[in-house]
Amino acid sequence: MRESIIRLEGASKTFPLPEGGTVVALDRIDLEVSRNEFLTLLGPSGCGKTTLLHAISGFVQLDGGAIWLDGEDITDVPAHRRPVNTVFQNYALFPHMSVDRNVGYALDVSHVAKAERDRRVGAALAMVGLGGLEKRMPRQLSGGQQQRVALARAIVARPKLLLLDEPLSALDRNLRQAMQIELKNLQAELGITFIFVTHDQEEALTMSDRIAVLHKGVIQQIDTPRNVYDRPGNTFVATFIGASNLFEGTPRRADGKLSLVTAGGEVIHAVESCNKHPPDTGSVTAMLRPEQFSLGGSGDTRSEAFMDIIVEQTVFVGSNFEILGHTAAGRKVSAVVPASQVNRIAEVEDTKRARLNYDPASVHLIARQGPQA
Amino acid sequence: MSALTRTQRLSAQLGILIGPASLFLAVFFICPLAIMAIYSVLAPGTYGGVVWDFYPHNFGRILGFADPDFEIYDPVYFSIFLRSLKIALITVLLTLLVCYPAAFQVSRLPERWKAFGLFLITLPFFASLIVRLFIWVLILKKTGFINVALMDMGIIAAPLELIYTDGAIILGMVYIFIPFMFLPVYASVEKLDWSLVRASQDLGANGIQTFFRIILPLTLPGIVGGSIIVFIPALGNFIVPAVLGGAKVLMLGNLIEQQFLSARNWPFGSALAMLVMASVLLLLYLYIRFEARRGDEAPAIR
């Protein structure tokens, strides 16, 4: 593992609610982020991700636990003395200052010499592609340009850590996708650790080295985008990221084959070697992503790994068809099949029945209800 | 076929809407003002009224070119003008000093308490101004609350000169003008976007830097607005000096009142009033220039 730049140990924070009672925003969080890593904090609103970000930037005082930045305990260091900068959700550009003065703010308040300041402001603006707009006021810029100014302002002082609080949420879809790639490139170029907060899973999957999924103040899983998607640690992660079909049942081994039998009698086939710790007893959940199904013909018996469903609806979504239905036992199933299987889809729409094939090796078994609080 | 275009209809509607207000202002504000402007350059009649001769010496009596046939220049009027200016400026400063921090306190209160705080600030408007000023007389006079209390405690032997001083006038002025300063200042403080303050701290600015670089510039419109709203009536105020200044301290407002009601020298009173107005207009002009310059550089708050 690479050298860590920031480490949180047992970080806890509880807020009082206006209507009485309290809410636990951070529940003894341990987190370690490596130098030059792009980490995304992903979770639904109210999961504690913004509180975690504010704890790192210094706007939230922890009730318990500690934060180390680059080997130094910064738990009690005030926000303005932490070498951490933030790109705010609404950009928070100073409306009474030009682009130049906004970007130069961090250097001006720390009295960096004029020539050095101008050079660094110029470099930061060039880096985000805004050279030549120094004299503009924030209100004279488009949303995308304001976003870039906020970014330039946050990187100009070369922080050890850059925090980004849902910075792309106000941009339209095309611009957002362009900025995702640009942010990723910028991070590689700067060599600064990024901690990016979002509730948009697509954004998280696209940009991150690792994703930390938060729910109810607890890190549910922290792993690479591939693993978080393919091998979710618990059912919350499985349902929060991407669409999934979950089947809860009891594991069974016969002839060296592993399968799972649900209460409704459906049998899901899995492969032992594809699941690191296949559980022996108790309740287990099998996860199948909709795109892991393919349409088999009605008489197709090549594989025993299939599922017959009664089709309720087929939805055309461009390159794919989404098939929504339920099993004989009444469990909802959704499958996504390529639109190129047009003949079979027509047949499904006719008969209202479908046989969904899947590869047992792609079935992911979720052993236990990991940390969910 | 409609005889009127859309634009014509709109301007007709506009005329109906603002017509009455314009007419009212024309009759009851512009006309008296014009009369006063004309009177200020006419000669005073011996038994009141005006003589229709051009007579610039009304202004001369104040500014240094008094009528040589009649009197020698006495700088007393000009010093009254300067003292009024000084007292008005001190009033602005003190009300600002009280209201600016208070506005931050109130704006950070929970929603329910905020409304209550604003109610408390405007509460004095519910009682008569004269009554409120006479209460200060009771507190400040020789046998008033403060003097009696201090003497009973043995801290002072003889009563202090509290009332009928510049200090008493300033106290009274600050007291009555606080709501006028508070409301505009509060409006701009309430509008302040606290995420900007956080951004400033995040970028390494300490409290003092954040105040002078972010908070002060962004609340300046309220400060300037409040200062003007307090300065203008403070400069011409005659009730406070009349009640708390006694006969000792004369301010422009009292002088003008005297000229119209006792001395019956309407042209001289008019000239004094014009002078007050000129200083206010000068101030407003400077303010507009300042706003225009700010407007080039700073935006409407988004």
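Colleague: Which residue follows H5(A), and what is the sign of its phi?

Modeller: Gly191(A) follows H5(A), and its phi is positive, near 70°. This is a predicted model, in which local features need pLDDT of at least 70, side-chain atom pairs count only at pLDDT 80 or more, and totals for chains, interfaces and linings use all residues. Residues are numbered from 1 along each chain as its sequence is written, while chains are lettered from A and ligands numbered from 1 in the order in which they are written.

Colleague: Why does the span of helix H5 (residues 173-190) of chain A agree with its number of residues?

Modeller: Helices are DSSP runs of H or I with at least four residues, strands are runs of E with at least two, and both are numbered from the N terminus. The expected span is 1.5 Å times one less than the number of residues. For the 18 residues of H5(A) that gives 26 Å, and the end C-alpha atoms are 25 Å apart, so the two agree.

Colleague: What makes residues of H5(A) buried or exposed, and which are they?

Modeller: A residue is buried if 20 or more other C-beta atoms, placed from the backbone, lie within 10 Å of its own, exposed if 12 or fewer, and partly exposed in between. Met179(A), Leu183(A) and Gln187(A) are the buried residues of H5(A).

Colleague: How do you know on which side of H5(A) they lie?

Modeller: The arc is taken from the directions from the helix axis to the C-beta atoms. The buried residues cover only 70° around the axis, and therefore lie on the same side of H5(A). On the other side, Asn174(A), Ile181(A), Asn185(A), Ala188(A) and Glu189(A) are exposed.
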